[in-house]
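Colleague: Could you take me on a close look at how charged side chains pair up in this protein? I am in my first year, so please go one step at a time.

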Amino acid sequence: MSAKSTPTACLALADGTLFYGQGFGAEGQAQAELCFNTAMSGYQEIMTDPSYAGQIVTFTFPHIGNVGVNPDDDETGEPVAAGMVVKWMPTQSSNWRAVQELSDWLASRGRIAIGGIDTRRLTRAIRQSGAPHVALAHDPGGRFDVEKLVAAARAFPGLTGLDLAKDVTCAQSYRWDEMRWAWPDGYVRRSEPGKKVVAIDYGAKRNILRCLASAGCDVTVLPASATADEVLAHQPDGIFLSNGPGDPAATGSYAVPTLQRILSESRVPLFGICLGHQMLALALGGRTVKMNHGHHGANHPVKEIETGKVEITSMNHGFAVDGQSLPTGVTETHVSLFDGSNCGIRMVDRPVFSVQHHPEASPGPQDSFYLFERFVNIM
């Protein structure tokens, strides 16, 4: 952004720090927690990931928008992240799969974005002081009431104690048979019979469901509020716990008793990812903690303790399982090589396991897909 151009967007932090830039996407104002994501691709998948509910995403990679958007890359029906912050304004898209420009896509879906920001400075501030509460405003006329923006940022309640899974889960159960994208046919449907899996939807990404289908599962998705009786009534060969947003302890107020009943009444194999991992840990007697700035990106090294293998993984979480809180009979299976935080658990004597990272997001690109195959094999 040149010194002479009039700012059309403003990002206000709760501590009073202001960032001015050029707005694109929708006009208006949004309040949220601000996080940063270090992925070099996948901005559309990130914006439509239900785990980003209640958050505005700062992209550390500058080339955001250059491949446009297309309906195949949506992780859910509409963008879930409240807004985006980028260094450079999006250029005209250049990709054979693009059907719409990023700015037009955001505008049509009510999501605000700001460009021309020093994202390196912003990222350093998040790392040093933790994920701040912010207000993001876009006004083509450049009119901003800074005091009201800062007040709005300070009024944001934060994610601690917030159950957001109820806002992003499905309204009713449904079947899923679409498999992973493959050239030249794109997404194809499962036709042969497979293992019956009930997936509890805390904010499930479509590609997780595709990975389950591709691994050999007949998937039935149930809402986050599903009871143990409703889950077990399907007589599943396995139960899957999905990713999702918000504070796991808040979602756990209703999800944990359900999982504890399932574990006490059934020996069915169980696999969880992200929020599902945290739900399982809580159900087994562990606890979760709010992280300073979380893990968000497609370049996170995770070590599998038993084999010593290091996987390059995709991460998206602001809360983590406290590995020191795991009870007897539950062992830690994976750890982050960035900070040593817990990234996986399993029960010693039961076919029950979970991971914090996202094996479906293909950052490796195939480093962690074995987890889906492991789930099917133990069924």
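Modeller: Happy to help; here is a walk through the salt bridges, followed by the surface patches and the nonpolar core.

Please keep in mind that this is a predicted model. Let's begin with the general idea: side chains of opposite charge can pair when their charged atoms come close. A search of the whole structure turns up 15 salt bridges, and a few of them make good examples.

Start with Lys290 and Glu33, whose side chains meet in a salt bridge with 3.2 Å from N to O. Lys290 belongs to strand β13 (residues 288-304) and Glu33 to strand β3 (residues 28-37), so this pair ties together parts that are 257 residues apart in sequence. The surroundings of the two partners are worth checking too. Glu33 counts as buried because its relative accessibility is 4%, while Lys290, at 33%, counts as partly exposed.

Now find Asp322 and Arg287, which form a salt bridge with their closest N and O atoms 2.7 Å apart. This pair also links distant parts of the chain, 35 residues apart: Asp322 sits in the loop between β14 (310-321) and β15 (330-336), and Arg287 in the loop between α9 and β13. With 14% relative accessibility, Asp322 counts as buried. Arg287 has 47%, so Arg287 counts as partly exposed.

For another setting, look at Asp167 and Lys166. The closest N and O atoms of this salt bridge are 3.7 Å apart. Asp167 counts as exposed at 53% relative accessibility, and Lys166 counts as exposed at 52%.

Salt bridges can also be joined up. Asp177, Glu178, Arg189 and Arg210 are linked in a network of them. Let's pause at Arg189, which lies in the loop between β8 and β9. Its relative accessible area is 54%, so Arg189 is exposed. The C-alpha atoms of Arg189 and Met179 are separated by 5.8 Å, and these two residues are 10 apart along the chain.

The loop between β8 (174-176) and β9 also holds Trp183. Trp183 counts as exposed because its relative accessibility is 65%. Together with Trp96 and Trp181, Trp183 forms a nonpolar patch on the surface, and the three have about 470 Å² of accessible area together.

There is a charged patch to find as well. Lys87, Arg120, Arg121 and Arg124 gather on the surface as a patch of positive charge. Arg120 is part of helix α3 (residues 119-129), and at 64% relative accessibility Arg120 counts as exposed.

Finally, turn to the buried nonpolar side chains. The largest nonpolar core has 31 residues, and those with the most contacts inside it include Tyr202, Val231, Ile239 and Leu280. Several elements each supply at least two residues of this core, among them β9 (195-201), α7 (228-232), α8 (248-265) and β16 (342-347). Helix α9 gives the largest share, 6 residues.

How values were computed. Residues are numbered from 1 along each chain as its sequence is written. This is a predicted model: local features need pLDDT of at least 70, side-chain atom pairs count only at pLDDT 80 or more; totals for chains, interfaces and linings use all residues. Side-chain values use heavy atoms; hydrogens and water are left out. Patches are made of residues with over 30% relative accessible area and no salt bridge: like charges are joined within 9 Å, nonpolar side chains (Val, Leu, Ile, Met, Phe, Trp, Tyr) within 5 Å. Accessible areas come from the Shrake-Rupley method with a 1.4 Å probe; for residues, only the protein chains shown count as cover. A salt bridge is a side-chain nitrogen of Lys or Arg within 4 Å of a carboxyl oxygen of Asp or Glu. Lys and Arg count as positive and Asp and Glu as negative; His and the chain ends are not counted. The place of a charge is taken as NZ of Lys, CZ of Arg, CG of Asp or CD of Glu. Helices (H or I, at least four residues) and strands (E, at least two) are DSSP runs, numbered from the N terminus. Buried means under 20% relative accessible area, exposed over 50%, partly exposed in between (1.4 Å probe, protein chains only). A nonpolar core is a set of buried Ala, Val, Leu, Ile, Met, Phe, Trp, Tyr and Cys residues joined through side-chain atoms within 4.5 Å.
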